[in-house]
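Colleague: Could you take me through one part of this model at close range? I would enjoy a connected account rather than a list.

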Amino acid sequence: MEREYFCKLNAIVKKIIRGDYSQGTELDTILNDTRYPAKLLSFTEKLNLMTVKLEAREETLIENIEELQKKKPYSGKGHI
């Protein structure tokens, strides 16, 4: 049971690392699977929350970069 859990989780985490935050749906699927013990589901829940926060931070960074690029394009010379 735990082996199956960690194999699934490993595949999901690999995709999240590459920026595929849609894997949160897969984490939700694990959370709804009553075959797994509470300690594993608790870990999955925390991982899911971390994924949501990571995605939000990445989106914020992208938005900030885009705003900065609109204000003053980087010339590649000296300091910004």
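Colleague: Which residues in α1 are buried?

Modeller: Happy to look at that with you, and please keep in mind that this is a predicted model. The buried residues of α1 are Y5, L9, I12 and I16. Looking down the axis of α1, these buried residues fall within an arc of 65 degrees, so they line one face of the helix. On the other side of α1 you will find R3 and I17, which are exposed.

The helix itself covers residues 2-17. Its 16 residues should span 22 Å at 1.5 Å a residue, and the C-alpha atoms at its ends are indeed 22 Å apart, so the two values agree. Just after α1 comes G19, with a positive phi of about 95 degrees.

Now to what the buried face meets. The buried residues of α1 pack against two helices, α2 (24-31) and α3 (38-71). Let me stay with α3 for a moment. It has 34 residues and reaches 50 Å from its first C-alpha to its last, close to the 50 Å expected at 1.5 Å a residue.

How do the two helices lie against each other? Two packed helices are described by the angle between their axes and the distance between the axes. Here the axes of α1 and α3 come within 12 Å and cross at roughly 5 degrees. Angles under 35 degrees count as roughly parallel, and α1 and α3 are therefore roughly parallel to each other.

Residue by residue, α1 brings E2, Y5, F6, L9, V13 and I16 to this contact, while α3 brings K39, L40, F43, T44, L47 and T51. Sorted by class, the contact of α1 with α3 has eight nonpolar, two polar and two charged residues. Y5, L9 and I16 are thus familiar from the buried set of α1, and they turn up again among the residues of α1 that meet α3.

The view from α3 fits in here too. Its buried residues are L40, L41, T44, L47, N48 and T51, and what covers them includes α1 and α2. Of these, L40, T44, L47 and T51 are among the residues that meet α1.

One loop residue also belongs in this picture. D33 sits in the loop between α2 and α3. Buried means under 20% relative accessible area, so D33, at 15% relative accessibility, counts as buried. Leaving aside neighbours within four places in sequence, D33 is in contact with K8 and L41. L41 is itself one of the buried residues of α3.

Definitions and conventions
Residues numbered from 1 in each chain as written. Predicted model: local features only at pLDDT ≥ 70, side-chain atom pairs only at ≥ 80, totals over all residues. Heavy atoms only, no water. Helix = DSSP H or I, 4+ residues; strand = E, 2+ residues; numbered from the N terminus. Expected span 1.5 Å × (residues − 1). Buried < 20%, exposed > 50% of the residue type's maximum accessible area, 1.4 Å probe, protein only. Arc of directions from axis to C-beta. Contact = heavy atoms within 4.5 Å. Axes fitted to C-alpha atoms, helices over the stretch in contact; angles between N-to-C directions. Parallel < 35°, antiparallel > 145°, perpendicular 65-115°, else oblique. Nonpolar A, V, L, I, M, F, W, Y, C, P; charged D, E, K, R; others polar.
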